Amino acid sequence: MTETTQAGIADFWFDPSCPWAWMTSRWMDEVTAVRPVTVRWHVMSLAVLNEGRDLPEKYQELMKRAWGPVRVVIAAQAGHGDGIVKPLYDALGERIHLAGRTDFDAVIAEALDQVGLPASLAAAAHTDRFDEALRASHGKAIELVGDDVGTPVVAFGGVAFFGPVVTPTPHGEAAGRLWDGCVLVASTPGFYELKRSRTQGPIFD
């Protein structure tokens, strides 16, 4: 077993509203099927990340709406434990990304029902009650990779990286090889960035 395929725990930070984080999370599911990796799921927030930035009006509106789903996830985690984070993320993401739903209040209500959580948790979308915990979770990701990133952030074996940004989702051993490569380059001293322009949007399969 090589260093990059060693057993261990990966920490994955996501914003439920981000389509690229959704793509990467589906890849991470594939990775766990072919590599001895266990994933711990955490929230981060595009709205927090972009606070104070000069954004186009359309993106500003998206950031306002993005508060809702991530607040509900952190509220669910606070009341029902870490184990609910991934099922709730899956239920939200299936509606937001696969179905293309934009009514986040309806999406949240349906997702909570799907995973058996109280409907009352939906109220967290419109309150800052859990924002301190949300910012703390977000801050842990940023502490690892810096603020010149987006979502998701993945940490494993003492290294962390933003991304990978990939579409469509690699499956099977292809997913495992990408994981090996990400861990390898991220663990190389002095390595910071490998990037090329995106030529297509997320392909949900």
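# A walk through the helix packing and two cis prolines

Start with helices H4 and H5, which are oblique to each other; roughly parallel means under 35 degrees, roughly antiparallel over 145, roughly perpendicular 65 to 115, and oblique the rest. The model is predicted: local features need pLDDT of at least 70, side-chain atom pairs count only at pLDDT 80 or more, and totals for chains, interfaces and linings use all residues. Residues are numbered from 1 along each chain as its sequence is written, and side-chain values use heavy atoms, with hydrogens and water left out.

**Stop 1: H4 and H5**

Select residues 104–114 to show H5. Helices (H or I, at least four residues) and strands (E, at least two) are DSSP runs numbered from the N terminus. The axes of H4 and H5 cross at roughly 140° and come within 9 Å of each other. An axis is a line fitted to C-alpha atoms, for helices over the stretch in contact, and the angle between N-to-C directions runs from 0 to 180 degrees. This crossing of H4 and H5 is right-handed, a term used if the near helix is turned clockwise from the far one by less than a right angle (left-handed if anticlockwise).

Now show the side chains. From H4, pick Leu88, Ala91, Leu92, Glu94, Arg95 and Ile96; they meet Phe104, Val107, Ile108, Glu110, Ala111, Leu112 and Gln114 of H5. Sorted by class, the contact of H4 with H5 holds 9 nonpolar residues, 1 polar and 3 charged. Contact means heavy atoms within 4.5 Å. Nonpolar covers Ala, Val, Leu, Ile, Met, Phe, Trp, Tyr, Cys and Pro; charged covers Asp, Glu, Lys and Arg; the others, Gly among them, are polar.

**Stop 2: H3 and H4**

Keep H4 (residues 85–98) on screen and add H3 (residues 57–80). Here the axes come within 9 Å and cross at roughly 160°, so H3 and H4 are roughly antiparallel to each other. The crossing of H3 and H4 is right-handed. On the H3 side, the contact is made by Pro69, Val72, Val73, Ala76 and Gln77; on the H4 side, by Val85, Leu88, Leu92 and Ile96. Of these residues, 8 are nonpolar, 1 is polar and none is charged.

**Stop 3: Gln77 and Trp41**

Centre on Gln77 in helix H3. Is Gln77 buried or exposed? Its relative accessible area is 18%, so Gln77 counts as buried; buried means under 20%, exposed over 50%, and partly exposed in between (1.4 Å probe, protein chains only). Leaving aside neighbours within four places in sequence, Gln77 is in contact with Trp41, Asp82, Ile84 and Val85. For a longer view, label Gly8: its C-alpha atom is separated by 23 Å from that of Gln77, and the two residues are 69 residues apart along the chain.

Move next to Trp41, in strand S2 (residues 37–43). Trp41 is also buried, at 11% relative accessibility. Not counting residues up to four places away in sequence, Trp41 touches Phe12, Phe14, Ser25, Met28, Asp29, Gln77, Val85, Lys86 and Tyr89. From Trp41 to Leu92 the C-alpha distance is 14 Å, with their positions 51 residues apart in sequence.

**Stop 4: H1 and H7**

Select H1 (residues 19–34) together with H7. Their axes lie 8 Å apart at an angle of about 95°, so H1 and H7 are roughly perpendicular to each other. Trp27, Met28, Glu30, Val31 and Val34 of H1 meet Gly172, Glu173, Ala175, Gly176, Leu178, Trp179 and Cys182 of H7. The contact of H1 with H7 divides into 8 nonpolar, 2 polar and 2 charged residues.

**Stop 5: Thr169 and the cis bonds**

Step to Thr169, in the loop between strand S4 (159–162) and helix H7 (172–186). Thr169 is buried, at 6% relative accessible area. Which residues does Thr169 touch, not counting those up to four places away in sequence? They are Met23, Arg26, Trp27, Glu30 and Asp205.

Pro168 lies in the loop between S4 and H7. A cis peptide bond joins Thr167 to Pro168, with omega about -5°. Another cis bond runs from Thr151 to Pro152, where omega is near 15°. Look for Pro152 in the loop between helix H6 (131–145) and strand S3 (153–156).

**Stop 6: the domains**

Finish by colouring domain 1 (1–12 + 22–44 + 151–197) and domain 2 (45–137); these bounds come from an automatic or database domain assignment. The C-alpha centres of domain 1 and domain 2 lie 23 Å apart. Domain 1 gives 9 residues to the contact, and domain 2 gives 16.
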